[in-house]
Structure formats: C-alpha cells, structure tokens
Amino acid sequence: QQTMEIDDGKSEIIIVRNEESLRIVPEFIFKELTKGTPNAKFLGWSEFLTLCQWARVKNEQAAHKLWEDADLDGSGTLSKEEFSKFCRRKEVWRDIQAIAKKLKTDAFNLQKNVSLHLFHFLDKNGDKALDFREFQILCKAAGETSERNVKKIWSNACLEELNGTLNTEAFFKFATNPKVWPTIIKIHRSLLQLTNRQSKSKVEKVATSLFKRCDGSGKGDKKDDKVVQFDEFFNMCKQIGMEKEKCEELFKEFDTNNDKALSRDEFRIFIARKKFWPYLVQLEARVSGKGYIVD
C-alpha cells in the first residue's frame, strides 16, 4: 500500500490531466474532514491527522512532517488552497483519490452510519458529546461490567480529547478500530432488532409524543395549531442527522393534501416508516427523558 511521503518539501504539483477531478476531489475530502464545522475555511491539525490515518501514514511523526510541508504560510492551519495544493502533489494524489473513493464506499458509509446511530443512542442529554456515564452504557451492552475495565477503555478512547468527552469524530475513531468494530456492529444489530419492533400502540405513542414537541417549535410557527409546519418538521429531522433537502422531499411526500403542513395522521404515517422508525423511537426516548431502554 502506498503511503503519503514527502521527499524534500519541494514536491511538484501533479501535471493537470483532469482539472475537474483535481478540483472536486480535494474539495470533497476537505468537506468530509470539516463536517462538524459548517462553511469551514481552514483545516486544523486534528483533521489533517485524521486524513493521514485514513491514508495509513505509519506514525504521527511522519504525519506531522506532511503537515509542516503542507502549511505553506506557517499559520498553523491549512487554507482550502493550501490543502488543494497538497492533494495535487504527485506522491500524494494516488492516496487522495483512494481515500475519496473509500469515503464513498458502502463499507465506509456503513461505519459512519452505525457509529452515528450509536452515538445518538448513547447521547442521552443531546449535548453532542459522550461523557463517561453515557459511554458506560455501550460497554455494558458489550458485556463489560467491571468499572475498572470500563474506565481503562474510556481512557484509551479519550486519549486525544482534552475535555474528557467524545464528540462524533472521536467516537467514530473508537468504534471503527479493527479490534472494536466487530462488537460495535453486533450491538448495533441488537439495537435495530429492538427498535424495529413496531405495534400500533407504540407507533401511536411515539407519534403523539413527537407531534406535541414539534408543534410550535419552528421559527414563527404558532404553538398548538394542531399541525406540523416544515420548520417544525426540519427541527425534528435534523436531530437524527437528516439534511434539509431530504426533509423537504419527505415533507412533500407525506403532505398528501398539499396544505404545506402535516396533520396528526400524516405525521403518524411518517413516524411509522420503517426506514426512519429506529432513529425516531430513540429520539423520542431521549427528548422525553426516558433514556434509551426500548420498551
């Protein structure tokens, strides 16, 4: 496997043969690395290290050499232009292309989706960070009940996190570790089996609870108008990681009478959709303060 290596810090920019690819690929990877920061204009060391880990750079020292070489103005960050120039270097480009391809593969997307689903499942207070108590739930599901051992696992997972919590990126690194991933995927399958169980009464219960929380949650929307407007619908859906464009598409689909609002019946039909049910039932448990034990 080829790894990203620097010869003398004066590497040539790859000869442009496909200008479209040379523009789009670095932009795509930059967005993937800065997903937690909307409209990011600079790349930090931690994001660059993630890139090096994806490329299987042999150690952090080698990764830091690449970082120093890529940081042309010595600012301690990489602008989009600096990152693009780095990606286009002939000894790096093959790896960059391979990473872009991997990011789009089903296997990698499975890891992203599973880790994100589990993260939301564990993030009981919805603060987008896992503390030790929340992490302990995962370890218990894996059969690890010794607090001493759990603390050891937690320490390893939080090795690079100065604030003592795990954000989505840090949890992804932990969950996709080759030694951990087989257990993570088993726990996720068990979770899906539980949350996929539907009954008419359970759908009614979850739909009623979420409808009440949605009604009046949108900007400028009237409280208790007995319908869910788009802003209210989007406020709910973005909590399970759904993009606005997808929300708009679904809202139109379930707004069967085209009145630009979802009635209780229309909303309940959406909640019952099997594709979204596992995520919505956990969301309802979280926002209602019931924790994450599925009935």
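Is W154 buried or exposed, and what is its relative accessible area? I looked this up at the outset and found that W154 is buried, with a relative accessible area of 11%. The model I am reading is predicted.

**Entry 1. The ring pair of W154**

I next looked for the ring partner of W154. The rings of F135 and W154 have centres 5.1 Å apart and planes at 55 degrees, so I record the pair as tilted. F135 belongs to helix α7 (residues 132-141) and W154 to helix α8 (residues 147-157). The two residues are 19 residues apart, and the pair links distant parts of the chain. F135 is buried as well, its relative accessible area being 0%.

**Entry 2. Other aromatic pairs**

I then searched the whole structure and obtained 18 aromatic pairs. I noted the pair of F108 and F172, whose ring centres are 5.6 Å apart with planes at 70 degrees; the pair is therefore edge-to-face. F108 sits in helix α6 (residues 106-122) and F172 in helix α9 (residues 168-175), so I entered this as a link between distant parts of the chain, 64 residues apart. I checked burial for F108 and F172, and both are buried.

Ring pairs also join a set of phenylalanines into a cluster: F230, F233, F234, F251, F254, F270 and F276. One of these, F234, has a charge over its ring. The charged end of K244 is placed there, 5.7 Å from the ring centre.

**Entry 3. The nonpolar cores**

Which residues have the most contacts inside the largest nonpolar core? I found I29, F48, L51, F83, F86 and I96, in a core of 31 residues. The elements giving two or more residues to this core are α1 (19-33), α2 (45-54), α3 (60-70), α4 (80-87) and α5 (90-103). Of these, α5 gives the most, with six residues. I noted as background that nonpolar side chains tend to be buried together in soluble globular proteins.

I took F83 as a probe of this core. With neighbours within four places in sequence left aside, F83 is in contact with P26, I29, F30, L33, L43, L51 and L78. Another core lies apart from the largest one; it has 27 residues, and I240, C247, L250 and F254 are among them. I note that F254 also appears in the phenylalanine cluster of Entry 2.

**Entry 4. Helix α4 and residue T50**

I returned to α4, the helix of F83. Its buried residues include E82, F83, S84, F86 and C87. Which elements cover them? The cover includes α1, β1 (42-43), α2, α3, β2 (78-79) and α5.

For α2 I looked up T50, which is placed in that helix. T50 counts as buried, at 15% relative accessibility. Its contacts, with neighbours within four places in sequence left aside, are L33 and K173. L33 is also listed among the contacts of F83.

**Entry 5. Salt bridges**

How many salt bridges does the structure contain? I obtained a count of eleven. The general point I kept in mind is that side chains of opposite charge can pair when their charged atoms come close.

In helix α1, the side chains of R23 and E27 form a salt bridge, with 3.6 Å from N to O. R23 and E27 are four residues apart in that helix, and therefore separated by about one helical turn. R23 is partly exposed at 39% relative accessibility, and E27 is partly exposed at 39%.

I then examined E32, which forms a salt bridge with K112 at a closest N to O distance of 3.2 Å. Because E32 lies in helix α1 and K112 in helix α6, the pair ties together parts that are 80 residues apart in sequence. E32 counts as buried at 17% relative accessibility, whereas K112 counts as partly exposed at 22%.

Finally I looked at E204 and R268, whose closest N and O atoms are 3.5 Å apart in a salt bridge. E204 is in helix α11 (residues 200-214) and R268 in helix α14 (residues 264-272), so this bridge ties together parts 64 residues apart in sequence. E204 is partly exposed, with a relative accessible area of 35%, and R268 is partly exposed, with 26%. As a last item I recorded a network: salt bridges that share partners join E20, R23 and E27.

Key. Residues are numbered from 1 along each chain as its sequence is written. Side-chain values use heavy atoms; hydrogens and water are left out. A nonpolar core is a set of buried Ala, Val, Leu, Ile, Met, Phe, Trp, Tyr and Cys residues joined through side-chain atoms within 4.5 Å. Buried means under 20% relative accessible area, exposed over 50%, partly exposed in between (1.4 Å probe, protein chains only). Contact means heavy atoms within 4.5 Å. Rings of Phe, Tyr and Trp (its six-membered ring) pair if their centres lie within 6.5 Å; planes under 30 degrees apart count as stacked, over 60 as edge-to-face and the rest as tilted. A charge sits over a ring if NZ of Lys or CZ of Arg is within 6 Å of the ring centre and within 35 degrees of the ring normal. A salt bridge is a side-chain nitrogen of Lys or Arg within 4 Å of a carboxyl oxygen of Asp or Glu.
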